[in-house]
Amino acid sequence: MVNGGPPLVDRFGRIADDLRLSVTDRCNFRCVYCMPAEGLRWLPREEVLTFEEQLRLVRLFAALGVRTVRLTGGEPLVRADLPELVAMIAGALPDVDLSMTTNGHRLGELAEPLARAGLRRVNVSLDSLQAARFHRVTRRDDLPRVLEGLAAADAAGLRPLKINAVMVRGVNDDEAVDFAALARARDWHVRFIEYMPLDAGHEWTREQVVPSEELLARIDAAYPVRRADEDGPEPAVRYLFADGAPGSVGFIASVSEPFCGSCNRLRLTADGHFRTCLFALDEVDLRGPLR
């Protein structure tokens, strides 16, 4: 039984039923819009929640109506023995929709073990299909490995397979149609995310934001699309290809059309702090009372 108590409802009437569980603060990429190239200080291992602690907290959130749990990081696949945590959560809470957001670097070796453990699907962050640009954005020369990871996830049945692409004007926004072509060819689902001010170097400017409407117009000119008949709290507005081709494209207009009014997400950091927003300045320590 997943739902054991009243749902989590805030003072704006939003029902929180989607938990983002950060399993580590570490990452093997250094994406320019996320973190500096070097000089990062990672959490001491004793401050990171154990698998048993994470499972206990997920159980508590599930008892309060959480229906979806997504494993995040940092990069979740750098956490040792991650399939073990997946098996623990899937075994204890089989009705919870368990997924993961990853950079795909280790998916080639871990997609099958994760699927066997009970992971249902993955979102892979991929901002360019060109090797030089991929290196420029991630500061890593690993595009072939990520593409192999995508294929491995697909083969393991981690579907629907979604790709998250952050579009930055003058950097990669001319690849929108290429991503749409990939979605059509592989029956994958690409979601274009507007560039948000999360960069560690504080170099974000509004001029670099490519509005979702602009990307939609470019794709529609090449591959006519129609809006999917969907209604829910998901931030992505999804479009299907009008000619019946597989796959889809979606748009998360987090800057030009904020969706805070319908947000249903909760976040738990790797060291056990609870927050309700990616941009929150305040957190609640759950690790202290848990231990």
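A residue counts as buried when its relative accessible area is under 20%, and as exposed when that value is over 50%. Keep this cut-off in mind as we walk through the structure, which is a predicted model.

**The chain as a whole**

Let us start with the broad view. The secondary structure comes to 8 helices and 14 strands. The radius of gyration of the chain is 19 Å, close to the 19 Å that the globule rule gives for 291 residues, so the chain is as compact as a globular protein of that length. Taken along the principal axes, the box filled by the C-alpha atoms is roughly 55 × 45 × 40 Å.

How much of the chain is buried? Of its 291 residues, 49% count as buried. The surface that the chain exposes comes to about 14,000 Å², and carbon and sulfur atoms supply 52% of that area.

Contacts tell us how the chain folds back on itself. Among those between residues at least 6 apart in sequence, 72% join residues at least 24 apart. As for charge, there are 37 positive and 43 negative side chains. The centres of these two sets lie 2 Å apart.

**A closer look at L290**

Now let us zoom in on L290, a residue in helix α8, which spans residues 287-290. Is L290 buried or exposed? L290 has a relative accessibility of 16%, so it counts as buried.

Which residues does L290 touch, leaving aside its neighbours within four places in sequence? The contacts are with L49, E53, R56 and L57. One of these partners shows how sequence and space can part ways: E53 and L290 are 237 residues apart in sequence, yet their C-alpha atoms are 7.6 Å apart in space.

**Two cysteines without a bond**

Finally, how many disulfides does a search of the whole structure find? The search finds 0. C27 and C31 help to show the reasoning. A disulfide needs a pair of cysteine sulfur atoms within 2.5 Å. The closest cysteine sulfur to that of C27 is in C31, at 6.3 Å, which is too far for a bond. Seen from the other side, the cysteine sulfur closest to that of C31 is in C27, again at 6.3 Å and too far for a bond.

Both cysteines also have an accessibility value, and the table sets these beside the value for L290.

| Residue | Relative accessibility | Class |
|---|---|---|
| L290 | 16% | buried |
| C27 | 16% | buried |
| C31 | 14% | buried |

Notes:
Residues numbered from 1 in each chain as written. Predicted model: local features only at pLDDT ≥ 70, side-chain atom pairs only at ≥ 80, totals over all residues. Heavy atoms only, no water. Helix = DSSP H or I, 4+ residues; strand = E, 2+ residues; numbered from the N terminus. Rg over C-alpha atoms; globule rule 2.2 N^0.38 Å. Buried < 20%, exposed > 50% of the residue type's maximum accessible area, 1.4 Å probe, protein only. Contact = heavy atoms within 4.5 Å. Areas by Shrake-Rupley, 256 points an atom, 1.4 Å probe, with all protein chains shown as cover. Lys, Arg positive; Asp, Glu negative; His and termini not counted. Charge placed at Lys NZ, Arg CZ, Asp CG, Glu CD.
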